Amino acid sequence: MTSPAQTPAPADSAVFASRVRGSLMGGALGDALGYLVEFDSLAEITAKYGPAGLVDLSQSGTPPHFSDDTQMTLYTLDGLLDVLEWANDGISADINACQWLAYLRWLKTQGIEAPGHAPEQSPRWIDAQSVLHHQRHPGNACITGLSTGEMGTPARPVNPDSKGCGTVMRSAPYGFLPNIDAETVYKISADAASLTHGHPAARQSSGAFSWLIHELVTEGRTLREAAESAQARAAVEPSADPELLARLDAALSLSAHDGEPLSGDALTDALGLGWVAEEALAVALYSVLVTERAAVSAVDHFLAAIRLAANHSGDSDSTAAIAGNILGALHGEAALPPSWLTLCEAPSVIQHLGNEFIRLTTGA
């Protein structure tokens, strides 16, 4: 596999940097909005926030928080930073092993020690950030899979029947990797999903999502081009999961229809509640695609898509976080609403890790 180390830089490093930072921060903002209503039904959301539902972070009443989705995304990024640091020293590192070590360090932040036979990596910068030590309803499969102390692989995954969305919501950073092809990005992401989730839908959804992000961040595709490319890649997977293919097909076809976007119960009736991987990806992708036509600016697109992705009876934080990752990858930092940025939790932590990735991959 080609090393993802520094040279050569992406064609336009400033655009690349904006898309990386935008995707990370966009995911965190979407996560924070959705986390306010993650376990609420649509009826409960509208009863609390009014007929329009939850539309702004300022409605939280108290400082909003991001969830385990952003925590794990940042630990995914830190695992890649570990690989890049080794690569820039001229040493090849096993990407999935570095990711496993990173997730084991995340597990420790949740107050859970891995079994004694599991390896323990020396603490890194991210591990000292107290905001990442809060327990924000981490996914059961992520916890149980890592708690075995066994490194899951595609051939021998842990939680072989689990297809929760905990793979997709953490996998945007794989798509940031420059200088490697989309097929390699897909494989890295799908292999890393096996560390906690073994069902083909979880692994293939993760791979398709990272492929989509890669097409936006490093190739500059349009949103629909990137979405159709990810759909096509999912379709040629040996033993492609039929549920994933059906959900992606529905997201793409429904978003192309004229008329009012599906929302609330109609959205989740069509694409699922988002608790499992293929549904979370489909809801987020539809929300971003269907709101693009009417958007007059990148910020307008971001707000419309995130509101759609969060206001339903399903896994609101994950669907909104994934949508935010896509929007930031598409528009860069221009998509981020300034008023939301003032409410973002721990922006300096997110920015530091993003800037380290940019520095290690472009030298900027």
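Student: Where is Asn 159 found?

Tutor: Asn 159 sits in the loop that runs between helix H5 (140-147) and helix H6 (182-193). Keep in mind while we talk that this is a predicted model.

Student: And what is phi of Asn 159 near?

Tutor: Phi of Asn 159 is near 45°, a positive value in a residue other than glycine. For context, most residues other than glycine have a negative phi.

Student: Is Asn 159 buried, partly exposed or exposed?

Tutor: Asn 159 has a relative accessible area of 24%, so the residue counts as partly exposed. Ala 346 is another residue to look at here, since phi of Ala 346 is near 50°, which is again a positive value in a residue other than glycine.

Student: Where is Ala 346 found, then?

Tutor: Ala 346 belongs to the loop between helix H14 (338-341) and helix H15 (347-362). With a relative accessible area of 19%, Ala 346 is classed as buried, because buried means under 20%.

Student: Switching to charges: how many salt bridges does the count come to?

Tutor: The count comes to 16 salt bridges. One of them joins Arg 105 to Asp 78, with the closest N and O atoms 2.9 Å apart. Arg 105 lies in helix H4 and Asp 78 in helix H3, so this pair ties together parts that are 27 residues apart in sequence.

Student: Are Arg 105 and Asp 78 buried or exposed?

Tutor: Arg 105 is buried, at a relative accessible area of 7%, and Asp 78 is buried as well, at 3%.

Student: What forms a salt bridge with Glu 85?

Tutor: Arg 124 does, and the closest N and O atoms of that pair are 3.0 Å apart. Arg 124 lies in the loop between H4 and H5 while Glu 85 lies in helix H3, so the pair ties together parts that are 39 residues apart in sequence. Arg 124 is buried, with a relative accessible area of 18%, whereas Glu 85, at 29% relative accessibility, counts as partly exposed.

Student: Which residues are linked in a network of salt bridges?

Tutor: The network links Asp 78, Asp 82, Glu 85, Arg 105, Arg 124 and Asp 127, and you will recognise the two pairs we have just discussed, Arg 105 with Asp 78 and Arg 124 with Glu 85.

Student: What about Asp 191 and Lys 187, where do both lie?

Tutor: Both are in helix H6, four residues apart, which is about one turn of the helix. Their side chains meet in a salt bridge, at 2.6 Å from N to O. Asp 191 counts as buried at 17% relative accessibility, while Lys 187 counts as exposed at 52%.

Student: On to empty space: how much space lies in the largest pocket?

Tutor: The largest pocket holds about 290 Å³ of space. Of the 16 residues that line this pocket, the closest to its centre are Leu 104, Arg 105, Lys 108, Glu 120 and Gln 121, so Arg 105, already described as buried at 7%, comes up again.

Student: How do the residues of the lining of the largest pocket divide?

Tutor: That lining divides into eight nonpolar, three polar and five charged residues.

Student: How many cavities of 30 Å³ or more does a search of the whole structure find?

Tutor: The search of the whole structure finds one cavity of 30 Å³ or more, and the largest cavity contains about 60 Å³ of space. Its lining consists of Leu 24, Gly 27, Ala 28, Asp 69, Thr 70, Thr 73, Leu 74, Met 169, Ala 321 and Asn 325.

Student: What gives the most to the lining of the largest cavity?

Tutor: H3 gives the most, with four residues. Helix H1 (13-35), helix H3 (68-88) and helix H13 (316-331) each supply at least two residues of that lining. By type, the cavity lining divides into five nonpolar, four polar and one charged.

Student: Last topic, the surface: which residues make a nonpolar surface patch of about 300 Å²?

Tutor: Phe 39, Leu 273 and Trp 275 make that patch. Leu 273 is in the loop between helix H10 (264-271) and helix H11 (277-290), and at 35% relative accessibility Leu 273 counts as partly exposed.

Methods:
Residues numbered from 1 in each chain as written. Predicted model: local features only at pLDDT ≥ 70, side-chain atom pairs only at ≥ 80, totals over all residues. Heavy atoms only, no water. 1 Å grid on protein atoms, 1.4 Å probe; cavity = no way out; pocket = protein on both sides within 12 Å on 5 of 7 lines; lining within 4 Å. Points joined across faces, edges and corners; volume = space filled by probe spheres on them. Nonpolar A, V, L, I, M, F, W, Y, C, P; charged D, E, K, R; others polar. Patch = residues over 30% accessible without salt bridge, like charges linked within 9 Å, V, L, I, M, F, W, Y side chains within 5 Å. Areas by Shrake-Rupley, 256 points an atom, 1.4 Å probe, with all protein chains shown as cover. Salt bridge = Lys/Arg side-chain N within 4 Å of Asp/Glu carboxyl O. Buried < 20%, exposed > 50% of the residue type's maximum accessible area, 1.4 Å probe, protein only.
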